[in-house]
Structures are given as C-alpha cells and as structure tokens.
Number of protein chains: 2
Amino acid sequence: MAGERKGGGAELAEAVVDGVQDAGLVAARRDQICQAALELFLEKGFAATTIRDICARSGVNQASIYDYVANKNDILRRLLNRLWFRTDVPTLPERLDACADAPLEELVTGYLRELWDSKRQGILLSYRAVPHLRDEDRRALHEREKRMMEDLAAHLRHRAGLAADDPRAEVVSNLIIFLTAFAPMRDWLNKDVDSEVLLRTVARSIAAIVGGLAADPPTAAPA
Amino acid sequence: MAGERKGGGAELAEAVVDGVQDAGLVAARRDQICQAALELFLEKGFAATTIRDICARSGVNQASIYDYVANKNDILRRLLNRLWFRTDVPTLPERLDACADAPLEELVTGYLRELWDSKRQGILLSYRAVPHLRDEDRRALHEREKRMMEDLAAHLRHRAGLAADDPRAEVVSNLIIFLTAFAPMRDWLNKDVDSEVLLRTVARSIAAIVGGLAADPPTAAPA
DNA sequence: GATGTTGCCTGACAAATGTCAGGGAGCGGC
DNA sequence: GCCGCTCCCTGACATTTGTCAGGCAACATC
C-alpha cells in the first residue's frame, strides 16, 4: 500500500502481481531480481538471458519469481522505469529551462557528469532492449525521446538564433542526445583516458557544434 | 574453388559447410538466407530470431539450411563479413590518407554519403549483434574498431596540431566514429528531414568539433 | 499444542528451439 | 529402362524455455 517507493515517475505500466502480502519483502525481492536481471541483460542481452539465469543470480526460486514479477518482459519494464524514466536527474532541456542564460558548455558538462554517473546502465539498457519491448512500452519510450528532442530543439533555435523552420535544430538536437550515450556505449575504447578529460572533451564538442550552428548560414545544396 | 565472390576482405572465419557441391547454388542459397536473416535480425534482434523464422522468410527448408550454413552464429558472421567488413568502401582514415590536405568537412561529407548509403545495415548490425558474437568474432570486430580509432586519432593530431600525448585526439576520434552511426541509428527521429540536410549538418558538426579542438588548449581541471 | 497464515520450493508441463538422419524426387548418362 | 548423383524435405530427436500447481516449513496466535 502507501506509496510504492518509486525512484521517479514510472512511465511503463508495471504488471500487478499479488502473490505475496508483505510490501517490504516484495520491494526487497524485486530489488534482487532487477539487479540480477540488469547485470545479465547488459552482459548477454535480453533475449539470451533466461528466467533461470536471473533466478540463479538473484537467489530467488524459479517458482517464487512469479510472485514478484509477472514475466521476463515485466522485469525489463521495471528496470527501465527505475533506470531510464527516473525523474530525479533533470534532462538537458529541463536544465536549459532552469538556467536560461548559463553558458552552454558548462550546463552540458554538469548534465553529462550527472548522467554518466547515475544513468549509465539505463542508457545502455534503453538502447539495447528496444527490440524486445512490448509495443506499448516501446511507444512510450519513443515518445519520451521525441519530446526531449523537440524541447531541446526549441532551446537551440533560441540560443543559436535559428529560423523557426530551420530543420537543423532538430538534427543537431537529435545528435546531441545521441552523444549523450557516447561514454556509456564507447568507453571500452577510451579505457585509459581520464574520465574528466573525456567528459570535458565531449561537452566542448557539443558546444562547438552549437557554436558552428549559430555562425553558419543554413546549408545550401552544392552546385 | 576459384575465388568465392566475396565482396571484401572477410575478417570473420566462416565455417566450412560442404553438403552441396554446386558452388553457384551454394552462393545463391546463402544470399537468400543472409538476406532473410538480416531483415529478421534488424527487426527482432539476433536472439529472438529463430532458425525457423529465417527458413520461412528465405524459403529454404529447415533441414536444408544446414547444407549452406553451419548454424545461426555462422549466419551472423557471414552477414558481418558482407556488410561490415567489406573493403570496397574506404574508411575515414583511409580517405584522409588518400587526400592528405582536402578540407575535412568535404571529406567527411563524401564519406558519410557513401557510408550511410551502402553500409547502413552493417552499422546497425554491428552495434546490435555484438553481445551474440562468438568470442573470437567479437575480438576481431573490436580490434578493427580500435585500429580505426587510432588511425583517425593520428590524423586528427596532425590536422589540429595536437601534442602526441594529448588524449583528446583519441576521445574525439572515438566520438567521430560514433557519430558515423548517427543516421542509421537515429533517423527514425528525423524522418521528415531531407537526408541531404541531415548529412551536411552532421559533417559540419564533425568539422566544428575538430576545429574547436585545434583552437582550444587542452582542457585544464577547474579551480 | 492446535490452527491458520504466509512465503518458499520441488517437480513438472507444454511449447519452442537448434539440429539432423534418412528417405525421396528429379535428372543426366548409359 | 536402369543407375547414380545431387539436392530437398518430412519427420523427429534432445534440450531448453517460460510458466506454474500444489505441497511443505516456519511462525504467529490462541
């Protein structure tokens, strides 16, 4: 009962499972299950991970697991709600809303620092698990992504002084969001680079992109 | 027999399967199989695609398929060899070797145009299928990626006049290679943007990043 | 100590999956 | 008309998978 200790606004509808009464126990077991599942999903992928794997690693019995989650897809949903849809980490557009005229590079640096620190796994999961989501869930995820892109595009238009119909705002916005996944997805290639250098280099790159956008006229087709 | 019509230097060792003699037939059937498998892998993911799915879509019998490929992983290998390891599309470092002093933005534009035109699916596959590769295959893929990053980093050092020990060369190089996957991975978000605009915006962004790298001193830690 | 209640687990089921053995169809050559 | 060869496919195998039914242990309550 009383308020389900959700980390942040859950956007994916979690199945109702009521085999077990004790709410605290349910929460604890779900933590075990999600933690184990997360590790396995990132190691082997969603489809290659079996319920038996998850049970083995989490220590929950193969039968009992169905007292806490409805099925494998439900685990994925719950993971995304915890890791990807958490609202305690403001998005980049939200940060831009809050600090309307702070220098972009600084804002981005702060954003990436927090993001890569606390949502690393959520980023990886959200990129890799898409094909395995139920349709409704995938739609929710895509809508959130689209909304974020549009919000960011509006800010870019303002900051770089672009025309309302300049499509580059959307492209660059999409691109920046993509770059947001850079460190989690590619840090195996920069293992020996100081993470602060990595962070600042990416932030500066993003600032350079936006700067270039402001300086250049819309791209014309070549002769 | 005589030279196996490989599109480019195959880097992943394909299993030897010799149920059927007629080399032309084998090649044709493999084409059917690979084409169907590619579609399915991109739609549903590798692990969620069954051999039966592939057979159904390609029209090859469930038993006969083992006369042409060794197993599901072998199909993936063959696909990556065709799509990702093909050598008829020069890499970005190779292009930089060839045109040592052409403007970067133009080079990148040409590169992306060809890449996104002919290796789209290879890019998607190589990003999504990694967890399902056999260890040797994954190692080969990672080594290629690392080599490419280092080659590109060397060029960046030269072009942007960076010190030999400036780690930002590797970071930016890694980042550019990552951006190379941008359109294939994210174009569902820019569906209504002209693809030429998208291309040029990304190329210009990459140029802006490198330009910023040249202009700025190495990032110092803040006070 | 008897009795409910709550959570856990042994054991199993049907379905799906990767893989193939072995027979058969088609066809060219004698 | 028969033989031998090449390729195809019906049918099946062992295994793995997701999912549970139904019984058991622990514990609190009376």
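Helices are DSSP runs of H or I with at least four residues, and strands are runs of E with at least two, numbered from the N terminus.

**Figure 1. Chain A of this predicted model is built from helices.** Chain A has 10 helices and 0 strands. Read from the N terminus, the elements of chain A follow the order α-α-α-α-α-α-α-α-α-α. The C-alpha trace of chain A spans about 65 × 40 × 35 Å along its principal axes. Chain A holds 223 residues, of which 39% count as buried. Among the contacts in chain A with a separation of 6 or more, 74% are between residues 24 or more positions apart.

**Figure 2. The confidence of the prediction along chain A.** The mean pLDDT of chain A is 90, and 92% of the residues of chain A reach 70 or more. The pLDDT is below 50 over residues 1–7 of chain A, a stretch with 5 contacts in the model beyond near neighbours in sequence. Residues 219–223 of chain A also have a pLDDT below 50, and this stretch likewise has 5 contacts beyond near neighbours in sequence.

**Figure 3. The two protein copies and the contact between them.** A turn of 180° and a shift of 0.0 Å along the axis lay chain B on chain A with an RMSD of 0.0 Å. The two copies are therefore related as by a two-fold rotation axis. The same surface serves both copies, as 100% of the contact residues of chain B recur in chain A. In this contact, 37 residues come from chain B and 37 residues from chain A. On the side of chain B that touches chain A, the elements giving two or more residues are α7 (135–160), α8 (168–179), α9 (182–186) and α10 (195–215) of chain B. Of these, α10(B) gives the most, with 12 residues. By class, the side of chain B that touches chain A comprises 18 nonpolar, 9 polar and 10 charged residues.

**Figure 4. Helix α8(B) and its packing partners.** In α8(B), 11 of the 12 residues are buried, and the helix is thus mostly covered. The buried residues include Arg168(B), Glu170(B), Val171(B), Leu175(B), Ile176(B) and Phe178(B). The buried residues of α8(B) pack against α9 (182–186) and α10 (195–215) of chain A, together with α7, α9 and α10 of chain B. At 1.5 Å a residue, the 12 residues of α8(B) should span 16 Å, which agrees with the 16 Å between its end C-alpha atoms.

**Figure 5. The surroundings of DNA strand C and DNA strand D.** DNA strand C is surrounded by 16 residues, the closest being Asp22(A), Ala63(A), Thr50(B), Ala63(B) and Asn71(B). The surface near DNA strand C divides into 6 nonpolar, 7 polar and 3 charged residues. Around DNA strand D there are 16 residues, and the closest are Thr50(A), Ala63(A), Asn71(A), Asp22(B) and Ala63(B). By class, the residues of the surface near DNA strand D are 6 nonpolar, 7 polar and 3 charged.

**Figure 6. Ala63(A) in its loop.** Ala63(A) lies in the loop between α2 (51–58) and α3 (72–83) of chain A. Ala63(A) counts as exposed because 9 C-beta neighbours lie inside 10 Å, and a residue with 12 or fewer is exposed. Ala63(A) is one of the closest residues to DNA strand C and also one of the closest to DNA strand D. From C-alpha to C-alpha, Ala63(A) and Leu107(A) are 48 Å apart in space, with their positions 44 residues apart in sequence.

**Figure 7. Leu162(A) between two helices.** Leu162(A) is found in the loop between α7 (135–160) and α8 (168–179) of chain A. With 18 other C-beta atoms within 10 Å, Leu162(A) is partly exposed. Leaving aside neighbours within four places in sequence, Leu162(A) is in contact with Leu156(A), Arg157(A), Arg168(A) and Ala169(A). The C-alpha atoms of Leu162(A) and Asp53(A) are separated by 52 Å, and the two residues are 109 residues apart along the chain.

**Figure 8. Cys34(B) in helix α1.** Cys34(B) has its place in helix α1 (residues 23–44) of chain B. Cys34(B) is buried because 22 other C-beta atoms lie within 10 Å, and 20 or more are needed for a residue to count as buried. Beyond neighbours within four places in sequence, Cys34(B) is in contact with Ile75(B), Arg78(B), Leu79(B) and Arg82(B). Cys34(B) and Ser58(B) are 24 residues apart in sequence, and their C-alpha atoms are 8.4 Å apart in space.

Methods. Residues numbered from 1 in each chain as written. Chains lettered and ligands numbered in written order. Predicted model: local features only at pLDDT ≥ 70, side-chain atom pairs only at ≥ 80, totals over all residues. Least-squares fit on C-alpha atoms with pLDDT ≥ 70 in both. Contact = placed C-beta atoms within 7 Å. Near = placed C-beta within 6 Å. Nonpolar A, V, L, I, M, F, W, Y, C, P; charged D, E, K, R; others polar. pLDDT = per-residue confidence, 0-100. Expected span 1.5 Å × (residues − 1).
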